[in-house]
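Here is a short report on interfaces, salt bridges and ring pairs. Have the model open while reading.

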Amino acid sequence: MKRMATKRMWREVGTSYLFLSPTLFVLLLFIIGPILFAIFLAFHKVQLLGTTSFEFVGLDNFQRIADDTRAKIALWNTLKYVVIVVPCQTILALVLAATLNAGLKGQKFFRIVYFLPTLTSSAVLTLIFMWMYNQNGLINHVLKAVGLPTYNWIGDPDVALNAIMIMNIWATAPYFMVIYLAALQDVPDSLYEAAELDGASAWQKFWHITVPYLRPVTSFVVVMGLIGTFQLFDQSYIFSGGSGGPNNSTLTVVLLIYQYAFKTLGTMGYAAALAFALAILIFIATLLQRKLSKEESLY
Amino acid sequence: MKKKMGIGKLLLYTVLITYAVITMIPFLWALSSSFKTLEEIVSGTMSFIPKKFTLDNYKQIFVEQELFPRWLLNSVVVAGTVTVLNLLFNSMAGYALARLQFPGRKPLFLIILAVLMIPAQVTMIPNYLILKQLGWLNSYQGMIVPTMVNATFIFMMRQFFINFPKELEEAAELDGLGRLGIFFRIVLPLARPALAAQAIFVFMGSWNDFMRPLIILSDPQLFTLPLGLNSFKGQYISYWNYIMAASMVFTLPVLVIYAFFNRYFIKGISFTGGK
């Protein structure tokens, strides 16, 4: 009897590892291995010509970040992008979700329409917007028609990053809207009914019931937003043809990492150090957000 | 009171319709541009209805540009294979973590959770060097193998299987099915909703991915669509009619899949997102 139980146990262990074997393979070879390898790279100078060679340089790669003007520009652009895009897309998502949830006719239709940008690839979206941002393009025509100033959206360093911001707020808000929509289903009707008895207006109900009730979801949406915006790459790359131009105005941290890793020789180790700096930055931003939102909920 | 409700409703509808228009315009503009002649594109007239409706742009990308069908095929092969493998492997891992007893179960789960939080940029450079060492740059396997499991969906499947009724499995065991039989014949078919949501996300993620192919593919023959589209733009820099036609072809498969699985898509977002 005992032997049978042991046999059964061993069979279960075998099945477990059989089931986990593809995961373990990928985890070791393409995630955990690379993380350790990345630490190694960040302390080395890497030469890719012929056979790959590594030269230990200590903390040089990290020190170099402080002297790198382009790294500062990239960081500044990325921070500006994060600080503007995250609140805008969060608020837009919340407003859209609340409006969609108001029980109007045609909800399904609107939801399908709003989804389109979420489904479409960043490459396609960026190309469509570049076509609209053309100097002689649709957006400038509309602006001119209503008497607003027009811009050289793609070529002017002062507006190029704004052009990407507008596009991405438009593209990402619907995704977060869906998360809010799901959460809105859980708000108990009794809360609204009670407020209605007290004579609360629609706005008061939104501000005093919906918004506080959704606070944990908002916290999640903001963290996801932070992680996503810090990693801006595709749009900048396609928009600027990989350069981060005009005049470094669309250069982001990830685009810079890409350039140092794969476009210039001998800077792969430096790129790995930059990638670590970015990971730490994202981590800190996430922690900060968590702390802030927790403090808020004390009131 | 009633009148006030009316105004409120009107306001809500105005918001909804305005935003629907804002969402639709870029797509309609791209679609209409893809049916316009080059002269109309260059002349800068701003009409959503093409003056002279033409299919030449689509003909151009499929017939003259031989690589375009190849890119489409590459994308289908890569995204299709990645999706099937993810469904199988993520479920297997999720099931083992949820239901089976084995040494190392807890630490492994924690490691998978931790991996969720590491930004891709950290592993991107070493991944490139590893693939280079394996001789997998410029290959299907280089595109497929590193992405054939996904920590997020292992986590999602684990949550799903934890809530899965145990009685069904016990009944199957009494009928003489082994673990593998139970998993493939009972559990997996019943996990269909979770698998459907996962399939859409994995497929879309792979289909739309830009960074991985950009890094590991340099042979235009092996480009997937996002990369092909980008090189296409470089080649036909002011032929926006061609570029828009190619963009539309690229977007269509995702729209079709979405139309079929709409229901699961929403469930999936709220599942991977909200809770």
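## Rings and charges

W203(A) and W207(A) sit 4 residues apart in helix α9 (residues 202-213) of chain A, so about one helical turn separates them. Helices here are DSSP runs of H or I with at least four residues, numbered from the N terminus. W203(A) is exposed, at 56% relative accessibility. W207(A) is partly exposed, with a relative accessible area of 47%. The classes use a 1.4 Å probe and protein chains only: buried is under 20% relative accessible area, exposed is over 50%, and partly exposed lies in between.

This is a predicted model: local features need pLDDT of at least 70, side-chain atom pairs count only at pLDDT 80 or more, and totals for chains, interfaces and linings use all residues. Residues are numbered from 1 along each chain as its sequence is written, chains are lettered from A and ligands numbered from 1 in the order in which they are written, and side-chain values use heavy atoms, leaving out hydrogens and water.

**Aromatic pairs.** Over all chains, the structure holds 51 aromatic pairs. The W203(A) and W207(A) pair is stacked, with 5.8 Å centre to centre and 10° between the planes. Rings of Phe, Tyr and Trp (its six-membered ring) pair if their centres lie within 6.5 Å; planes under 30 degrees apart count as stacked, over 60 as edge-to-face, and the rest as tilted. F161(B) and F164(B) are edge-to-face, because their centres are 6.3 Å apart and their planes stand at 75°. Both F161(B) and F164(B) are buried. A cluster of ring pairs links F62(B), F68(B), W71(B), F223(B), F232(B), Y236(B), Y239(B) and Y242(B).

**Salt bridges.** The count over all chains is 6. A salt bridge needs a side-chain nitrogen of Lys or Arg within 4 Å of a carboxyl oxygen of Asp or Glu. Four examples follow.

| Acid | Base | N to O distance |
|---|---|---|
| E173(B) | R8(A) | 3.2 Å |
| E12(A) | R179(B) | 3.4 Å |
| D56(B) | K59(B) | 3.9 Å |
| E169(B) | R99(B) | 2.1 Å |

E169(B) lies in helix α9 (residues 166-174) of chain B and R99(B) in helix α4 (residues 67-99) of chain B, so their bridge ties together parts 70 residues apart in sequence. Both E169(B) and R99(B) are buried. D56(B) and K59(B) are 3 residues apart in helix α3 (residues 56-64) of chain B, about one helical turn. D56(B) is partly exposed at 46% relative accessibility; K59(B) is exposed at 52%. E12(A) is buried, at 16% relative accessible area, whereas R179(B) is partly exposed at 26%. A network of salt bridges links E12(A), R99(B), E169(B) and R179(B).

**The interface.** How many residues of chain A are in contact with chain B? Contact means heavy atoms within 4.5 Å. The tally is 86 residues of chain A against 92 of chain B. The two chains bury about 8000 Å² between them, 80% of it on carbon and sulfur atoms. F19(A), L119(A) and W131(A) supply 11% of the area that chain A buries against chain B, more than any other three residues. Buried area is the accessible area (1.4 Å probe) that two parts lose on being put together, summed over both.

Between chain A and chain B the count is 2 salt bridges. Helix α1 (residues 2-42) of chain A gives the most to the side of chain A that touches chain B, with 24 residues.

Terms used
Helices (H or I, at least four residues) and strands (E, at least two) are DSSP runs, numbered from the N terminus.
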